[in-house]
Amino acid sequence: MRVSKRASGALAVGAAFALVASGCSSGNDNGGDASASKDGAIVIDGTQPENPLVPANTTETGGGKIIDWMWTGLVEYPNNGGAPQNALAESIETSDSKVFKIKIKQNTKFHDGTTVKAESFVKAWNWAAYAPNGAQNASFFADIQGFSDLNPEDPDGDGPKKAPTPTVKEMSGLKVVDDWNFEVTLSAPTAVFPTKLGYSAFMPLPDAFFNMKPEEFGKKPIGNGPVSLVSWQDDVEIKLTRFDDYSLRDKMKIKDVTVKIYQDDTAAYADLVSGNLDFQQQVPVSSLAGDKWKTDLGDRAIASTTPSTGIIAFPIYDKRFQNPKLRKAISLSINRQEITDKIFFGNRKPADSWANPLTPGAEPGNCTACKFDPTQAKQLLTEAGGFTGQLKMYYNADASHKEWMEAVAQQVKTNLGIDAVAVGVPTFAVFRANINAHKMDGAYRAGWQQDYPDVENWINPLYVKGGSSNDGLYSNDQVNALAKEASAAPSLEESHKKFADAVKLIDQDVPSMPIYFGGQQSGHSEKIKKMELTNVGELDITSVEL
């Protein structure tokens, strides 16, 4: 999320926990030259967003980081991994974790000059939750009373019949009180709800959004954050500039940011080393050997730990992957320690749990399918009836995934005798489009970067039926029921216990394969004198000084 470590004022409700991640800074304590920063510009690396930039319809990092910069939500997540704090919210109050009274700061502006009001949130959330609109992040609003009315169940599941059109377009649990206050009533007490409110799905939308097609708005989005959109040239660049009417605390120190869209991260790295790029979030794997990136960049090299996990997922809608014994066999045939040692040169850690252990509520070591056990893998493969044909393992080729995906495929081939092969898809946008269209005929890379600091974010979106990123269409009725109970638990402690029970079932089903925990190696140019990374490793552009 786009947040500021300099933020103060704790969130009015929710847990006061600390995420054990490293908010990173670079440069001297005196910062940069104020005059150089004021009208300065930087160029940073990025990827082509999968969809037009509508917050509730963006679930991947290429578009997600732009939205994080262009919007400010009710809540923000400090760079140092501390507890969520109020941003646009003046206060969030509840006495029962079911009814929340939210007051927003007055007279803040959207980029078109219109005022952000309580209805800007209510209308945006109702639009996102209304099933016919097809917003990918719709499931994040499932806690709110009346969500089910906007999402009638399909009468025959995955059969030929379609779900009926909702008879209402607004959730009964949302109520505008006045310009600056609104009330949210949940279906059941949900302790984690205020923690979620900094995620991009919950951003406000201006009136202009509702007067045009979402895809038209998304190509020229109007946010309420510290930068506004100047232009977007597909597969080339996205230009952003400081929004001078921004009135919250995390104002921009520099003026312009160009997000250069690369098809190859080694090309981005070459630009970084030569001074033609000012920030690269993840240097290529090829630069990690012998710590070459540190030699190349010197004190401009930044190592950090982020709540992210490298994952390979299964398309469970493909009949060949519907036997959990087969999925577990493949997972057990992978030597994660060897991958992290030989491919990432120790800059990643072998994954051994379903949720990244930096996350509040996550339990370490609960992925039994993450162990390396080729003997058991062969036995399970036999019990599953073997695997016929070629096992394709897809990845996006515009970032450094080729080496480790090829290593995984070779291990599966060596240890199980399956004809496994790594297949590169040219761009992240095309790769994600194929995944969302459920066109994958093999396993595929599916890393997860935490949206908000709670274990719920690692379960509901990924492994619950209808989850925003449950791309393989995994479904287990018991998991769905336990996750629902966990989400509605009155305290975070009770919620986390229920999610732990759900994870035990997920571990038996192996809908995906956690491979490594994220370690991030970033770099910046000599132009940048001071900067910070957010709690998920993105550049906090409001912190940059030149």
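# A guided tour of the predicted model

Begin by selecting Leu-74 in this predicted model. Leaving aside residues up to four places away in sequence, Leu-74 touches Gln-85, Asn-86, Ala-87, Leu-88, Ala-89, Ile-102, Ile-104, Phe-121, Trp-125, Phe-182 and Leu-197.

Next, extend the selection to the nonpolar core. The largest such core has 75 residues, and those touching the most other members are Leu-74, Trp-125, Phe-141, Phe-182, Val-184 and Leu-240. Helix α3 (residues 118–129) supplies the largest share of this core, with eight residues. A second, separate core comprises 59 residues, including Val-285, Ile-459, Val-479 and Ala-502.

**Aromatic pairs**

Now display the aromatic side chains. Across the whole structure, a search finds 20 aromatic pairs. Select Trp-125 and Phe-182, whose pair is edge-to-face, with 5.6 Å from centre to centre and 80 degrees between the planes. Trp-125 belongs to helix α3 and Phe-182 to strand β8 (residues 181–185), so this pair ties together parts that lie 57 residues apart in sequence. Both Trp-125 and Phe-182 are buried. Keep these two rings in view and add Phe-100, Phe-121, Phe-141, Phe-193 and Phe-202: ring pairs link these residues with Trp-125 and Phe-182 into a cluster.

Move to Tyr-463 and Tyr-474. Their ring centres are 6.3 Å apart and their planes stand at 80 degrees, so this pair is also edge-to-face. Tyr-463 is in helix α14 (residues 456–463), whereas Tyr-474 is in the loop between α14 and α15 (477–487); the pair therefore ties together parts 11 residues apart in sequence. Tyr-463 and Tyr-474 are both buried.

For a contact of another kind, select Lys-219 and Trp-232. Lys-219 lies over the face of Trp-232, 3.5 Å from the ring centre.

**Helix α7**

Select helix α7 (residues 265–274) and colour its buried residues: Asp-265, Ala-268, Tyr-269, Asp-271 and Leu-272. They span an arc of only 160 degrees around the axis, which places them on the same side of α7. An α-helix has 3.6 residues a turn, so residues three or four places apart point the same way. Which elements do the buried residues of α7 pack against? They pack against β2 (41–46), β11 (256–261), β12 (279–280), α8 (292–297) and β19 (512–524). Just after α7, stop at Gly-275, which takes a positive phi of about 90 degrees.

**Positive phi outside glycine**

Most residues other than glycine have a negative phi. Two residues to inspect against that background are Ser-97 and Val-510.

Select Ser-97, which is not a glycine yet has a positive phi of about 60 degrees. Ser-97 lies in the loop between β5 (89–93) and β6 (99–104). Is Ser-97 buried or exposed? With a relative accessible area of 18%, Ser-97 falls under the 20% limit and therefore counts as buried.

Then select Val-510, where phi is again positive, at about 50 degrees, although this residue is not a glycine. Val-510 lies in the loop between α16 (492–509) and β19. Val-510 is buried, with a relative accessible area of 0%.

**Confidence**

Finally, colour the chain by pLDDT. The mean pLDDT of the protein chain is 91, and 93% of its residues reach 70 or more. End the tour at residues 1–23, where the pLDDT is below 50; beyond near neighbours in sequence, this stretch has 97 contacts in the model.

Terms used
Residues numbered from 1 in each chain as written. Heavy atoms only, no water. Core = buried A, V, L, I, M, F, W, Y, C linked by side-chain atoms within 4.5 Å. Buried < 20%, exposed > 50% of the residue type's maximum accessible area, 1.4 Å probe, protein only. Helix = DSSP H or I, 4+ residues; strand = E, 2+ residues; numbered from the N terminus. Contact = heavy atoms within 4.5 Å. Arc of directions from axis to C-beta. Phe/Tyr/Trp six-rings, centres within 6.5 Å; stacked < 30°, edge-to-face > 60°. Lys NZ or Arg CZ within 6 Å of the ring centre and 35° of its normal. pLDDT = per-residue confidence, 0-100.
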